[in-house]
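Me: I'm new to reading structures, and I'd like a close look at one of the sheets in this one. Could you take me through that part slowly and then show me what else is going on around the chain?

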Amino acid sequence: MSRVYNFSAGPAMLPEEVLEQASEEMKDYHGSGMSVMEMSHRGRDFVSIAEEAEADLRELLSIPDNYKVLFLQGGASSQFSMVPLNLLRGKKTADYINTGYWSKKAIAEAKRYCDVNIVASGESTNFTSIPPRSEWSLNPEAAYVHYTPNETIGGVEFHDIPEVGDVPLVADMSSTILSRPIDVSRFGLIYAGAQKNIGPAGLTIVIIRDDLIGNALDFTPTMFNYETHVKANSMYNTPPTYAWYIAGLVFKWIKRMGGLERMAEINRRKAEKLYRVIDESDFYNNPVSKDCRSWMNVPFTLADPSLDEEFLKEANEAGLVSLKGHRSVGGMRASIYNAMPEEGVDALISFMKDFEKRRT
Ligand SMILES: *Cc1c(COP(=O)(O)O)cnc(C)c1O
């Protein structure tokens, strides 16, 4: 059996070394005689897996001591409601930056709990750019400012952290976390579904500053209150144990790769060479402004969309799979997260050049 290069946006590719280690440990984890999947989450083996994963994540992201790290379920989508439920803290409005599909989902959910002030919106350019800071209308009284550092579908990414003064900054980092170093101290809260750049689906990571914990709205369900999970070290109920374990293996893999500085170097190079091929040809197109193109998700279209089917079919035959664009955008999308080896991007580029040559 041979592995393909899987360009899926999520669940996405995992490092082969991680899959190998998981398969070696599958039936008998370190002499315990059982799989991690079969262990009590409160037993010694799992507690040490959990603690080590957190320690490694803290090290990779240099997470300051005044932040808690939570390993939850419910996906990034549950965070769309957990954020307002916990962070409004008596305020009535929150600021949201609208850069596309996932921002809109977060905004729609927040509107159930508060007045949403749209600070800036990329709508007028069909979400192919981020409005310049000079046009933003931040509200200094807002409970928090929410944004989506990387729009997984539109392929729009912030390459620096917005300056928002003293209002806590909240980020949906689902598709960009661990792709580069970030200054966690600039944020009030960071959340990410694991299935893009961390591990298997079913795990959601939340990094929250201490002072934002403990002020949830009265009617907040117990499971939606960050305080519940902080007090119980993410073990108030049964956590997603196997996903947590795999995430831990991924953190160790990133450390062996050389950490986030090194990941950023590789990710930048992978993205730049792919955009270069798209830009140098009239056959392919990416509509996103050059200053905010995603390192992780590269959407592109063919000048002649009647060739889409053939492109996807032939790519598939060449072992380059899941390149179909999101249904809302069409065309193609290559998701090139940490686990996509540079050789995978090189193989895609060769295929694209060859396909173009044969069809023009
Ligand atoms: C995938 C994704 C989500 C949704 O994640 P779920 O875990 O499926 O809820 C939300 N935001 C962004 C930026 C994403 O990429």
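In what order do the three strands of the open sheet come, and is their pairing parallel or antiparallel?

Reply: Sure! One thing to keep in mind first: this is a predicted model. The order you asked for is β11-β12-β14, and the pairing in this open sheet of three strands is antiparallel. The strands at the edges are β11, residues 284-285, and β14, residues 332-335; each has a single partner strand, so one side of each has no neighbour in the sheet. To see how two of these strands are held together, follow β12 along residues 297-302: it pairs with β14 in the antiparallel sense, over four bridges. You can pick out one of the partnerships by eye, since Pro299 has Arg333 in β14 as its bridge partner. While you're looking at strands, here's a handy rule: side chains in a regular strand alternate between the two faces of the sheet.

Now let's put that sheet next to another one. There is also an open sheet of seven strands, in the order β2-β10-β9-β8-β5-β3-β4, and its pairing is mixed. Its edge strands are β2 and β4 (115-121), and each of them pairs on one side only. If you step from one strand to the next, the twist averages 15 degrees.

Zoom in on the β2 end. Strand β2 covers residues 67-72, and five of its six residues are buried, so you can call it mostly covered; buried here means a relative accessible area under 20%. Its partner is β10, residues 204-209; the two run antiparallel and are joined by six bridges. Try finding a couple of the pairs yourself: Phe71 has Ile205 as its bridge partner in β10, and Leu72 has Thr204.

Just before β2, in the loop that follows α2 (44-61), you'll meet Ser62. Ser62 has a positive phi of about 45 degrees, and it is not a glycine. That's a bit out of the ordinary, because most residues other than glycine have a negative phi. Ser62 also counts as exposed, because its relative accessibility is 56% and the cut-off is over 50%.

Leu178 makes a nice contrast. Its phi is positive too, near 70 degrees, and it isn't a glycine either. You'll find Leu178 in the loop between β8 (169-172) and β9 (189-193). But Leu178 has a relative accessibility of 1%, so this residue counts as buried.

Another loop worth a stop runs between β5 (145-147) and β6 (150-151), and it holds Thr148. With 2% relative accessibility, Thr148 counts as buried. The side chain of Thr148 makes a polar contact of 3.1 Å with the side chain of Ser103.

Next, the ligand. It is surrounded by 13 residues, and the closest are Ser77, Thr152, Asp172, Gln195 and Lys196. By type, the shell has eight polar, three nonpolar and two charged residues. Helix α3, residues 75-87, gives the most to this shell, with four residues. For the distances, begin with Asp172: an N or O atom in its side chain is 2.6 Å from a nitrogen atom of the ligand. In Gln195, an N or O atom of the side chain is 3.0 Å from a ligand oxygen atom. A ligand oxygen atom is also 3.1 Å from a polar backbone atom of Ala76. Taken alone, the ligand exposes 390 Å², and the protein buries 86% of that.

Last, hop to the beginning of the chain. Gly10 and Pro11 are joined by a cis peptide bond, with omega about -5 degrees. Pro11 sits in the loop between β1 (5-6) and α1. Helix α1 spans residues 16-24 and includes Glu17, which is partly exposed, with a relative accessible area of 41%.

Here's how sequence distance and distance in space can play out. Val250, in helix α6 (residues 241-257), is 235 residues from Pro15 along the chain, and their C-alpha atoms are separated by 7.4 Å. Val250 is buried, too, at 3% relative accessible area. Glu17 and Thr301 are 284 residues apart along the chain, and their C-alpha atoms are separated by 33 Å. Thr301 brings you right back to the sheet you asked about, as its number falls within the 297-302 of β12.

Conventions. Residues are numbered from 1 along each chain as its sequence is written. This is a predicted model: local features need pLDDT of at least 70, side-chain atom pairs count only at pLDDT 80 or more; totals for chains, interfaces and linings use all residues. Side-chain values use heavy atoms; hydrogens and water are left out. A residue is near a molecule or strand if one of its heavy atoms lies within 4 Å of it. A polar contact is a pair of N or O atoms within 3.5 Å; within protein, one must be able to donate a hydrogen and the other to accept it, and residues adjacent in sequence count only if both atoms are side-chain atoms. Accessible areas come from the Shrake-Rupley method with a 1.4 Å probe; for residues, only the protein chains shown count as cover. Ala, Val, Leu, Ile, Met, Phe, Trp, Tyr, Cys and Pro count as nonpolar, Asp, Glu, Lys and Arg as charged, and the others, Gly among them, as polar. Two strands pair if DSSP finds at least two bridges between them. Buried means under 20% relative accessible area, exposed over 50%, partly exposed in between (1.4 Å probe, protein chains only). Axes are lines fitted to C-alpha atoms, for helices over the stretch in contact, and angles run from 0 to 180 degrees between N-to-C directions.
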